[in-house]
Amino acid sequence: MSRLLLLLTLVLAAPSAAQSATPSARALNTEGFRLYQGGKYPEALEKFEAAAQADPKLALAHYNVAATLGVLRKQGQICPYSAHRQTILERLNTSIQLDPRRLARAKEDADLDPIRDTLGWQKLLGRSPSRQADVPELLRRVTWFSPGEGVYGSTRKITFPDGKRVVLWRRIIEDPTRTEEQTGTYTVKGRTITLTFPARKPLKGQMSTRGVLEFEELGTFQDSPSECEA
């Protein structure tokens, strides 16, 4: 958590919401930190979850849950620990609601890198799909995924690397080991987005005020992939 040491130091050295936590919650959070420091992330997660349950108002415990889930996600252990982007965001949002100072810490925390390209993170930074002026920036900063297709999960992804290029990625369901990418260009006018790929007619779509992309032929895209479906 870049590392949790700073967070633990703040708890021990300065008056805060964490210091008003119950002794059991503080102890559990400290145990979690030691496990985290030792690279035992699943065990650390269990302690942080227990600390948050012992004192639901302990912002640091919720933050540590979010950050540890971020580590597990980066390690590819998404399904065993439900390290979904939306789950990480929910716990981070809870910690920030309890202690707004957590946002400044989150901006510097590498453990939370897996959620930087989500709509939820962009909202924490003050951007919103309800503001038309934010649409171009959200397109560039968010990775967009199609709905899941059974065990294959999301089979398509759209990114807008800069103000001109669009990349459409898809998994070949007939051979899930294969993927393909198409690179094209795009334009934005208000909420309307026009995609142009080689040898295809332009595809029009738009971003809703809820932050959902919908395109002709391609369907809908949101900021989190479908994962761990049976």
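**Loops, helix, cores and sheet in a predicted model**

Reader: Between which strands does the loop that holds Ala 199 lie?
Author: The model is a predicted one. In this model, Ala 199 belongs to a loop that joins two strands, namely β5 (192-196) and β6 (203-207).

Reader: Is Ala 199 buried or exposed?
Author: Ala 199 has a positive phi of about 60 degrees although it is not a glycine. Its relative accessibility is 87%, and a residue over 50% is counted in the outermost class. Ala 199 is therefore exposed.

Reader: Which residue in the loop between α5 (78-81) and α6 has a positive phi without being a glycine?
Author: The residue has a phi of about 50 degrees. It is partly exposed, with a relative accessible area of 37%. The residue in this loop between α5 and α6 is Ser 82.

Reader: What span does helix α6 reach from its first C-alpha to its last?
Author: Helix α6 covers residues 85-98, which makes 14 residues. At 1.5 Å a residue, the expected span is 20 Å, and the helix comes close to this with a reach of 20 Å.

Reader: How wide is the arc that the buried residues of α6 cover around the axis?
Author: The buried residues of α6 are Arg 85, Ile 88, Leu 89, Arg 91, Leu 92, Ser 95 and Ile 96. An α-helix has 3.6 residues a turn, so residues three or four places apart point the same way. The buried residues stand on the same side of α6, because the arc they cover around the axis is only 165 degrees.

Reader: Against which elements do the buried residues of α6 pack?
Author: The partners of these buried residues include one strand, β1. The helices they pack against are α3 (41-54), α4 (59-74), α7 (102-108) and α8 (119-124).

Reader: Which helix gives the most to the largest nonpolar core?
Author: The largest nonpolar core has 23 residues, and Leu 92, Leu 112, Ile 115 and Trp 121 have the most contacts inside it. At least two residues of this core come from each of α3, α4, α6, α7 and α8. With 7 residues, the helix that gives the most is α4.

Reader: Which residues is Leu 112 in contact with, leaving aside its neighbours within four places in sequence?
Author: Leu 112 is among the residues with the most contacts inside the largest nonpolar core. Once its neighbours within four places in sequence are left aside, its contacts are Tyr 63, Ala 66, Ala 67, Ile 88, Leu 92 and Ala 106.

Reader: How is the aromatic pair of Phe 160 and Tyr 186 classed?
Author: A search of the whole structure finds 3 aromatic pairs, and one of them is that of Phe 160 and Tyr 186. Phe 160 is buried at a relative accessible area of 1%, and Tyr 186 is buried at 6%. The ring centres lie 4.7 Å apart and the planes stand at 75 degrees, while the class in question needs over 60, so the pair is edge-to-face.

Reader: How many residues apart in sequence are the parts that this pair ties together?
Author: Phe 160 is in the loop between β2 and β3 (165-171), whereas Tyr 186 is in strand β4 (residues 179-189). The pair therefore ties together parts whose separation in sequence is 26 residues.

Reader: What is the angle between the ring planes of Phe 215 and Phe 221?
Author: Both Phe 215 and Phe 221 are buried. Their rings form an edge-to-face pair, at 6.4 Å centre to centre and with an angle between the planes of 70 degrees.

Reader: Which strands stand at the edges of the sheet, each with a single partner strand?
Author: The open sheet has 8 strands in the order β1-β2-β3-β4-β5-β6-β7-β8, with antiparallel pairing. One side of each edge strand is left without a neighbour in the sheet, because each has a single partner; these strands are β1 (144-145) and β8 (219-221).

Reader: Which residues form the uncovered face of β2?
Author: In a regular strand the side chains alternate between the two faces of the sheet. The covered face of β2 holds Arg 156 and Ile 158, and Ile 158 has Trp 144 opposite. The uncovered face consists of Lys 157 and Thr 159.

Reader: How many residues lie between β2 and β3 in their hairpin?
Author: β2 and β3 run antiparallel and are joined by 4 bridges. Across this pairing, Lys 157 stands opposite Trp 169 in β3. The number of residues between the two strands of the hairpin is 5.

Note on methods
Residues numbered from 1 in each chain as written. Predicted model: local features only at pLDDT ≥ 70, side-chain atom pairs only at ≥ 80, totals over all residues. Heavy atoms only, no water. Pairing = 2+ DSSP bridges. Expected span 1.5 Å × (residues − 1). Buried < 20%, exposed > 50% of the residue type's maximum accessible area, 1.4 Å probe, protein only. Arc of directions from axis to C-beta. Contact = heavy atoms within 4.5 Å. Core = buried A, V, L, I, M, F, W, Y, C linked by side-chain atoms within 4.5 Å. Phe/Tyr/Trp six-rings, centres within 6.5 Å; stacked < 30°, edge-to-face > 60°.
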